[in-house]
Amino acid sequence: MVESTGSTVEEATANALGQLGVPNGEARIEVLVHPRGGFLGLGGGRPAKVRATLSDSPLPTPQDLGTEAPKQEDVVTDTSTNGEQAIENETDVESVEEEAPELTPEERLDQLDEEAEIAADFLEGMLDLLGLPGDIEIQVREEQAIVNVSEVGSGLLIGRRGATLDALQELVRCATQRRTERRSHVRVDVEGYRERQLDKLRDKCRDAIAEVRESQEAVRLEPMDPYERKMMHDLVAKSSGVVSTSEGNEPRRRVIIEPEG
């Protein structure tokens with residue numbers, strides 16, 4: 001029997017198995033402490049801690065460990081071939097949806113409204129916790145709800161190059177999915193930062209489209225998140241003479257614009 005720690009339950013489990021010298025499936029794992037990250041990445045977190053005991057019984061499932069196994073929706077697959085038009089599976093999270101009943105437009109809007117309200121409540125509580133002012137605005141558009149925090153009077157929630165905002169997005173995603181038990185379609189913005197960045201990316205995409213038309217050679221855009229990539233694919237799809245695909249793995253996945261045909 002050994003006890004081991006790690007940043008996640010999986011990492012602590014791997015460390016414990018390494019100490020025992022047995023492969024996955026030949027020890028029973030007991031989670032002693034679940035990990036907790038520091039608020040917005042500012043420190044104060046705690047590692048996971050597990051106890052591993054040799055056993056003939058199989059390891060517990062991810063649900064037994066208090067974690068979730070990767071879902072098919074989390075697996076990114078590039079389906080584009082031979083310059084084929086590829087908005088692919090680039091939805092707001094660019095992934096393969098698990099089979100689910102088809103929703104009517106009204107049902108879809110109801111879900112987005114619900115997720116946006118949950119996200120807004122979470123953000124209000126966070127602002128209170130930090131002692132920050134702020135107004136929260138909700139917009140529901142297409143397949144996504146946008147929750148923007150304005151009048152904060154500080155760049156604290158954005159961080160350098162949006163790093164803190166990315167962490168905040170992840171917190172909101174987890175909080176929303178925990179409540180709804182389905183994938184979150186809420187995008188968090190602060191003082192319109194993401195919208196301004198998206199406008200800049202659109203300008204770069206238009207320049208790239210013009211360059212591809214003139215040179216007849218492919219142009220690779222900078223790495224973007226799934227929602228940004230979808231917006232670029234949409235822009236290319238509305239332009240003649242060019243097509244788009246995606247390449248690479250997160251977080252370095254990027255859009256490639258090529259001559260049509």
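Where is Glu 191 found? In this predicted model, Glu 191 sits in the loop between β6 and α4. Hold on to that spot, since β6 and α4 will come up again. Let's start with the whole chain and work back to it.

The protein chain has 261 residues, and buried ones make up 39% of them. You'll find 5 helices and 9 strands. Read from the N terminus, the elements go β-α-β-β-α-β-β-α-β-α-β-α-β-β. Now take the contacts in the chain with a separation of 6 or more: 62% of them come from residues 24 or more positions apart.

Two pairs show what such a separation can look like in space. Asp 121 is in helix α2, and its C-alpha is 9.9 Å from that of Val 172, a residue 51 positions away along the chain. Asp 121 is partly exposed, with a relative accessibility of 46%. The other pair starts in helix α4, where Arg 206 has its place. Arg 206 and Ser 239 are 33 residues apart in sequence, while their C-alpha atoms are 9.2 Å apart. Arg 206 is also partly exposed, at a relative accessible area of 43%.

Now go to the start of the chain and look at helix α1, residues 9-20. Its 12 residues reach 17 Å from first C-alpha to last, close to the 16 Å you'd expect at 1.5 Å a residue. Which residues of α1 are buried? They are Val 9, Ala 12, Thr 13, Ala 16 and Leu 17. These five cover an arc of only 135 degrees around the axis, so they end up on the same side of α1. The numbering hints at this pattern too. An α-helix has 3.6 residues a turn, so residues three or four places apart point the same way. As for what lies over the buried residues of α1, the cover includes β1 (2-6), β2 (27-33) and β3 (48-54). Just after the helix comes Gly 21, with a positive phi of about 75 degrees.

Helix α2 can be read in much the same manner. It runs over residues 105-130, 26 residues in total, and reaches 37 Å from its first C-alpha to its last, close to the expected 38 Å. Its buried residues are Arg 108, Gln 111, Leu 112, Glu 115, Ala 116, Ile 118, Ala 119, Ala 120, Leu 123, Met 126 and Leu 127. Charged side chains turn up in that list, with Arg 108 and Glu 115 among the buried residues. What covers the buried residues of α2 includes β4 (135-141), β5, α3 and β6. Here again a glycine follows the helix: Gly 131 comes after α2 and has a positive phi, near 70 degrees.

What about the backbone elsewhere? Most residues other than glycine have a negative phi, and most peptide bonds are trans. A few places in this model are worth a look with that in mind. Glu 151 is not a glycine, yet its phi is positive, about 60 degrees. You'll find Glu 151 in the loop between β5 (144-150) and α3 (163-180), and it is exposed, with a relative accessible area of 55%. Glu 191, the residue we began with, is not a glycine either and has a positive phi of about 55 degrees. Glu 191 counts as partly exposed, at 29% relative accessibility. Then there's the peptide bond from Glu 250 to Pro 251, which is cis, with omega near 0 degrees. Pro 251 is in the loop between β8 (242-247) and β9 (254-259).

That leaves the empty space inside. How many cavities of 30 Å³ or more are there? The count comes to 1, and its volume is about 60 Å³. The residues that line this cavity are Arg 141, Ile 146, Arg 187, Asp 189, Arg 194, Glu 195, Leu 198 and Tyr 227. The elements that give two or more residues to the lining are β6 (186-190) and α4 (193-215), and α4 gives the most, with 3 residues. By class, the lining has 5 charged and 3 nonpolar residues, and no polar ones. This brings us back to our starting point: the loop between β6 and α4 is the one that holds Glu 191.

Technical notes: Residues numbered from 1 in each chain as written. Predicted model: local features only at pLDDT ≥ 70, side-chain atom pairs only at ≥ 80, totals over all residues. Heavy atoms only, no water. Helix = DSSP H or I, 4+ residues; strand = E, 2+ residues; numbered from the N terminus. Expected span 1.5 Å × (residues − 1). Buried < 20%, exposed > 50% of the residue type's maximum accessible area, 1.4 Å probe, protein only. Arc of directions from axis to C-beta. Contact = heavy atoms within 4.5 Å. 1 Å grid on protein atoms, 1.4 Å probe; cavity = no way out; pocket = protein on both sides within 12 Å on 5 of 7 lines; lining within 4 Å. Points joined across faces, edges and corners; volume = space filled by probe spheres on them. Nonpolar A, V, L, I, M, F, W, Y, C, P; charged D, E, K, R; others polar.
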